[in-house]
Amino acid sequence: MANSIEFKLFAPYNNSVVLTGSFTEGQDIPLEKGDDGYFRTQVDLDDGQYDYKFRVQSKSFFLEPDEWIEVIDPKAKHIDESHQTAVIHIKDGLPIVDNYAWQHDDQGLPQNDELIIYEILVSDFSGGEDDPNPRGRLEHIVGKLDYLSDLGINAIELMPIQAFPGEHGWGYNTHHYYTVEPSYGTSQDLKHLVDECHARGIRVILDIILNHSGSEAPLTKIDYTYWYRRDPKNPDQNWGPEFDYDHYDDHLDLCPAREFVKDLLHFWVAEYHIDGFRFDAVSQMGHFDFLGQLTDQTSTQAQPKPFYNIGELIPESPDATNLDGPLDGCWRDGFLHQIRPLLWGDETDIETLKELVDAKRAGYLGVVNAINYLSNHDHDRIMVQLANHGVFDEAAFKRAKLGAVLVMTAMGVPLIWMGEEFGAYQPKTLEPAKINWSLLTNDRNRDLMEHYRGLIHLRKDTHALRTENVEFFHIDPEGKVLAYIRWNDGGSRVIVVINFSDHYRADYKICDFPSDGTWHEWIGDYDIEVHDGVWITDLPEYEAKVLV
């Protein structure tokens, strides 16, 4: 039995809109415009799947006045790329996204201060010498969840998974904001991934682009300057049409771009049960007042589950994450830029190192405000950087281990770029560069992964590493040695001693040790004794000792 299905399009200043689809028998169906700015029509349809699109008399400045143009529904939940149409699914007389039945919604999830985040580009995540797949898909991440869980990962951050044009890319030119990128899989595939993550206590964070969209996004064709700035704020940092969060429609009493984005975020939380957003290019986006509204909206909507709103701010702006800031946390690019030269052997500045470890010195107030990393999708992996500076083989793995110690014991939330935990070495590229999982058959790569695994579990098991407390008790600028303690009020303590020099320091004397007695050196797995506040030890070059 057919049911009446509504099709609508928000286009308040366009003159005419018609609907055409697989159900219209080649005829256009005109839509009627309401006072709220929506064009609407009702169509009797049986349950099933149908293609459709709109034709609109455009108001965009780059077209002729009132020129007719075909447009995919800006809120389409599915698209057919080959025919450039939206796809609607109807079941029991109602439009649905899919039939997915959630299995693990009652699973407890880690709080923000407990997170170990793993950043993933879906298309490059599968891989290996025998990988027959032309590109990775969401299902391949599901196949690696047991590996990630064993590693200790409890949050994955997916680079943009909303539909974008082209055969390959990073997804930062979004065209269809409500649609899962078809080359990655279906809406059900994404829900299955989120569900399987939640079953393992792993949260899912989506990277989302709210500063700009792709040049062929549907809203650009309907009425460009209603949603976008005609001219970019900064031509040198322009990646596509920029949403105009200043534009206010007096007649309808709304800001079009803001309403579109608020509805969009609500949809992804409600429909896909995701656990956080990473907002791209926040510095260019600006409008921190609106960003604060978005973080309040998503955090409230997700309750009682935790939610994490992260920003990319370059240059860094710790105030954006603090008491009056709009964000829970932000990517700390300064950590990456300052730690890398120390690892490849440039002159070590102890004060810089102290700022890396203690994010409060850089202006961050809380442990969840700063997200630390050695690399991410925007930068070459640490192995590439080390090789570019003449550090190879065992020396490179040793320094990668030292970098991991700093990421996992510094104040803040750690983030790992996929494959870095076992020494992946592909340079940054927009071309396909799938992870080579067969590296894990090599002793050095496997050893690095086990080092990461141990550090991650140490962090998760040791509350001291999830506080804001950092105290430096041994500072030797000439010898390039630094020692600090992390602690909480419940008696949890971790001490880290770092030799950032290229010299082996035998019988090195560390004074003012926080307390005497027996400590366990975690990396080497042996006990030490401290007497009268003094510990004498050998410190190999570019190596850390971690005492618990």
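## Notes on helix packing, backbone exceptions and cysteines

1. Helix α9 is a good place to start: 10 of its 12 residues are buried, where buried means under 20% relative accessible area, exposed over 50% and partly exposed in between (1.4 Å probe, protein chains only). Helices (H or I, at least four residues) and strands (E, at least two) are DSSP runs, numbered from the N terminus. Please keep in mind that this is a predicted model, in which local features need pLDDT of at least 70 and side-chain atom pairs count only at pLDDT 80 or more, while totals for chains, interfaces and linings use all residues. Residues are numbered from 1 along each chain as its sequence is written, and side-chain values use heavy atoms, with hydrogens and water left out.

2. Staying with α9 (residues 333-344), its buried residues are Asp-333, Gly-334, Phe-335, Leu-336, Ile-339, Arg-340, Pro-341, Leu-342, Leu-343 and Trp-344. They pack against β18 (329-331), α10 (350-357), β19 (370-372), α11 (382-388) and α12 (393-409), with contact meaning heavy atoms within 4.5 Å. The length of α9 also checks out: its end C-alpha atoms are 18 Å apart, which agrees with the 16 Å that 12 residues should span at 1.5 Å a residue. That expected span is 1.5 Å times one less than the number of residues. Just after the helix comes Gly-345, with a positive phi near 110°.

3. Next, the pair α12 and α13 (residues 443-461). These helices pack at an angle of about 10°, and their axes are 10 Å apart; axes here are lines fitted to C-alpha atoms, for helices over the stretch in contact, and angles run from 0 to 180 degrees between N-to-C directions. The two helices are therefore roughly parallel to each other. For that wording, angles under 35 degrees count as roughly parallel, over 145 as roughly antiparallel, 65 to 115 as roughly perpendicular and the rest as oblique.

4. Who meets whom between these two helices? From α12 come Asp-393, Glu-394, Phe-397, Ala-400, Lys-401, Ala-404, Val-405 and Met-408, and from α13 come Arg-444, Asn-445, Asp-447, Leu-448, His-451, Tyr-452, Leu-455, Ile-456 and Arg-459. By class, this contact has nine nonpolar, two polar and six charged residues, counting Ala, Val, Leu, Ile, Met, Phe, Trp, Tyr, Cys and Pro as nonpolar, Asp, Glu, Lys and Arg as charged, and the others, Gly among them, as polar.

5. The 19 residues of α13 reach 27 Å from first C-alpha to last, close to the 27 Å expected at 1.5 Å a residue. Among the buried residues of α13 are Leu-448, His-451, Tyr-452 and Leu-455. The cover over the buried residues of α13 includes α3 (145-151), α11, α12, β20 (413-417) and β28 (543-547).

6. Val-405 deserves a look of its own. This residue lies in α12 and counts as buried at 1% relative accessibility. Apart from neighbours within four places in sequence, Val-405 is in contact with His-451, Leu-455, Val-496, Ile-523, Ala-544 and Val-546. Val-405 and Glu-543 are 138 residues apart in sequence, with 9.3 Å in space from C-alpha to C-alpha.

7. A second helix pair is α4 (residues 187-199) with α6 (residues 256-272), packed at about 70° with axes 10 Å apart. That makes α4 roughly perpendicular to α6. Ser-187, Leu-190, Lys-191 and Val-194 of α4 make the contact with Trp-268, Glu-271 and Tyr-272 of α6. By class, the contact has four nonpolar, one polar and two charged residues.

8. Some backbone spots to inspect. A cis peptide bond joins Gln-303 and Pro-304, with omega about 5°; Pro-304 sits in the loop between α8 (288-302) and β17 (308-311). A cis bond also joins Ile-314 and Pro-315, with omega about 0°, and Pro-315 is in the loop between β17 and β18.

9. Positive phi also turns up outside glycine. Asp-253 has a phi of about 60°, lies in the loop between α5 (218-227) and α6, and counts as exposed at 56% relative accessibility. Ala-281 has a phi near 50° and lies in the loop between β16 (276-279) and α7 (282-285); at 2%, Ala-281 counts as buried.

10. Lastly, the cysteines. The structure holds zero disulfides, a disulfide being a pair of cysteine sulfur atoms within 2.5 Å. Cys-197 is buried, with a relative accessible area of 0%, whereas Cys-511 counts as partly exposed at 29%.
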